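Biologist: I am new to this structure and should like a close look at its interior. Please describe how the nonpolar core is built and then follow the neighbouring topics outward from there.

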Amino acid sequence: MSKTPWGVVFSRFESALKLRYMGVGLLWAWLYTVYYTPVIIDERAGLSINADQSWFVSAVVVVVVLFVFGIGWRKQTKPRAGYIIAATLALTVGTALTGLGSSLGTSVSFVGGLMTGVGYGMLSLLWALALQPISLDELEIAIPVSTLMVLPCVLVFPLLSGVAGLLAALCVPLGSGVLLLILCFGSANAGNDTIVSDATYAGTTPVYVPSPTQKTIPYLLLMSVLICLVYTAIGWISSLSEVRDGVYEFLNIDISSLISCLVAVLFAVLLVSFSNRVSFSGLLRWVVPAIIIALVLFVQPGGSTSFLVNVITLSVDALAQVLVFLFALSLAKAKRISAVLGVGVASGFLQLGVLVGNVLGTMDFDQYLCGLTLICLLAASTAFIPQRGMLFDSQAELLGHDNESGLEASCRALQQQFKLSDRETEILLLLAEGRTRPYIRERLFISSNTVATHIKHIYRKLDIHSKEELIDLVKMHGSV
């Protein structure tokens with residue numbers, strides 16, 4: 001009996017939702033807990049995220065850590081237990097010091113901000129290393145759905161305060177570190193100081209450190225600068241608007257953040273449902289107009305639009321956090337760059353945008369003029385969003401062949417004889433080389449359904465029924 005499309009979607013969600021993957025969502029939950037609720041700083045309720053001096057220290061340090069450690073760890077493939085424990089303790093203790101800073105003094109707040117910046121940056125990179133072996137099929141579900149870890153914080157943490165609130169807040173970074181340790185060492189060889197073998201996880205692919213190609217670094221930097229500009233606008237809006245909008249005040253529930261979590265989960269559903277792979281640049285073309293709309297609503301005189309602005313900015317924020325991780329990990333899967341370097345650079349620019357936006361909000365600039373400038377910059381940036389295939393010069397480069405081999409020449413001959421498309425010829429060559437469907441999916445950056453459809457068309461055009469027949473046919477044309 002064939003399953004319905006929604007039955008397939010449900011099955012994939014059921015198989016991919018493993019608790020150990022959810023720890024990366026706890027990092028985003030920590031951001032919400034500390035900077036959007038009064039649980040750490042009582043006076044922060046209803047204020048922007050730069051309401052406390054420790055925020056600025058943490059924001060600067062996290063940018064430096066992401067860039068420095070992202071570059072420094074670019075050749076590593078496996079997190080070490082010592083790094084995980086150190087990062088978790090830094091984020092947890094830093095959170096406690098931030099909460100106690102209001103009563104213990106400025107120096108305590110400064111140390112708290114320093115430690116949270118180091119801990120958050122390191123944990124982000126360690127999660128990138130840990131998720132690198134996981135297949136994209138699982139990552140495209142697990143990473144967006146991990147934003148659900150923010151939901152308990154949205155529903156519970158705004159109601160907490162004092163010692164109970166502080167202790168609850170400390171459980172968030174601790175939970176992220178524990179889940180990361182479980183992911184990396186939750187097996188028989190947990191006593192080792194490195195991550196368990198890739199073969200431990202079903203659906204994983206071997207991990208190695210790729211050397212960035214000539215086009216990869218410019219591409220990564222371009223996309224990172226664009227996301228930095230988006231987050232500059234988000235940070236500027238956040239620094240000038242109140243977290244507790246009209247709906248929040250009326251219902252005493254942060255509906256804006258609830259919606260943003262659901263948007264990220266909906267994104268996972270769409271990734272599973274669509275046959276074509278969603279590209280980062282393609283989604284960026286939707287994110288930029290959404291932020292422009294939020295800016296227009298924010299700077300317009302009169303009217304109460306704070307709820308709608310919060311919904312848009314928080315939804316884009318949740319989606320962009322997910323996109324940055326998937327973008328970097330997909331580049332790693334395509335063997336274009338290491339995951340830790342991709343996350344370090346992309347997330348570093350993201351956090352830099354937050355910092356710049358908040359600093360702009362504290363300056364004595366005309367709000368309307370500043371908003372209009374950001375709108376113009378974002379509108380102009382759409383011209384620089386690259387096309388999907390800009391990383392590849394040619395079909396031969398995409399397949400990794402600098403010179404046409406005999407096998408490739410045979411595939412070219414079959415292409416002309418049986419009217420195969422360029423994409424079908426690429427897949428034909430990889431099949432003839434003995435590559436598996438998961439390898440083809442991640443090598444060509446297309447979805448599983450798309451790979452299956454192309455193979456079906458190849459078999460029909462060549463009048464064959466198995467991979468063995470395909471290999472024999474290619475060899476036969478090669479000998480001719």
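Modeller: A suitable starting point is Leu-131, which, leaving aside residues up to four places away in sequence, is in contact with Tyr-21, Leu-139, Ile-143, Leu-183, Phe-325 and Leu-329. The model is a predicted one. Leu-131 belongs to the largest nonpolar core, a set of 120 residues, in which Leu-131 and Phe-325 touch the most other members. Helix α13 is the greatest contributor to this core and gives 17 residues. In soluble globular proteins, nonpolar side chains tend to be buried together. There is also a second core, separate from the one just described; it has 21 residues, among them Leu-430, Ile-458, Tyr-459 and Leu-473.

The empty space inside the model comes next. Rolling a probe the size of a water molecule over the atoms shows where empty space is left. There are 8 cavities of 30 Å³ or more, and the largest cavity holds about 560 Å³ of space. This cavity is lined by 29 residues, of which Leu-31, Tyr-32, Tyr-36, Asp-317 and Gln-321 are the closest to its centre. Six helices, namely α2 (23–36), α3, α9 (216–240), α11 (255–273), α13 (306–333) and α14, each contribute at least two residues to the lining. Among these, α2 supplies the largest share, with 6 residues. Sorted by class, the lining consists of 20 nonpolar, 8 polar and 1 charged residues.

Tyr-32, one of the residues closest to the centre of that cavity, also leads to Val-154, which lies in helix α7 (residues 150–156). Val-154 is in contact with Tyr-32, Asp-254, Ser-257 and Leu-258, again leaving aside residues up to four places away in sequence. Between Val-154 and Ser-257 the separation in sequence is 103 residues, yet their C-alpha atoms are 6.9 Å apart. Val-154 has a relative accessibility of 3% and therefore counts as buried.

Aromatic rings offer another view of how parts of the chain meet. The structure contains 8 aromatic pairs. In one of them, the ring centres of Phe-67 and Phe-349 are 5.3 Å apart and the planes stand at 75°, so the arrangement is edge-to-face. Because Phe-67 belongs to helix α3 (residues 53–72) and Phe-349 to helix α14 (residues 339–362), this pair ties together parts that are 282 residues apart in sequence. The partners fall into separate accessibility classes: Phe-67 has a relative accessible area of 22% and is partly exposed, whereas Phe-349, with 17%, is buried. The dividing value here is 20%, under which a residue counts as buried.

A further edge-to-face pair joins Phe-69 and Trp-73, with 5.0 Å from centre to centre and 80° between the planes. Phe-69 is partly exposed at a relative accessible area of 27%, while Trp-73 is buried at 7%. In addition, Trp-30, Tyr-35 and Tyr-120 make up one aromatic cluster.

The remaining points concern a later stretch of the chain, beginning with His-454 in helix α20. This histidine has a relative accessible area of 17%, so it is buried. Not counting residues up to four places away in sequence, His-454 touches Arg-423, Glu-424, Ile-427 and Ile-446.

Two loop residues are notable for their backbone angles. Most residues other than glycine have a negative phi, and most peptide bonds are trans. Lys-419, however, has a positive phi, near 60°. Lys-419 is placed in the loop that runs between α17 (406–418) and α18 (422–432), and with a relative accessibility of 65% it counts as exposed. Asp-463 likewise has a positive phi near 60°. The position of Asp-463 is the loop between α20 (448–462) and α21 (467–479), and its relative accessible area of 59% makes it exposed.

The description thus runs from Leu-131 and Phe-325, which touch the most other members of the largest nonpolar core, to the exposed loop residues Lys-419 and Asp-463.

Key: Residues numbered from 1 in each chain as written. Predicted model: local features only at pLDDT ≥ 70, side-chain atom pairs only at ≥ 80, totals over all residues. Heavy atoms only, no water. Phe/Tyr/Trp six-rings, centres within 6.5 Å; stacked < 30°, edge-to-face > 60°. Helix = DSSP H or I, 4+ residues; strand = E, 2+ residues; numbered from the N terminus. Buried < 20%, exposed > 50% of the residue type's maximum accessible area, 1.4 Å probe, protein only. 1 Å grid on protein atoms, 1.4 Å probe; cavity = no way out; pocket = protein on both sides within 12 Å on 5 of 7 lines; lining within 4 Å. Points joined across faces, edges and corners; volume = space filled by probe spheres on them. Nonpolar A, V, L, I, M, F, W, Y, C, P; charged D, E, K, R; others polar. Core = buried A, V, L, I, M, F, W, Y, C linked by side-chain atoms within 4.5 Å. Contact = heavy atoms within 4.5 Å.
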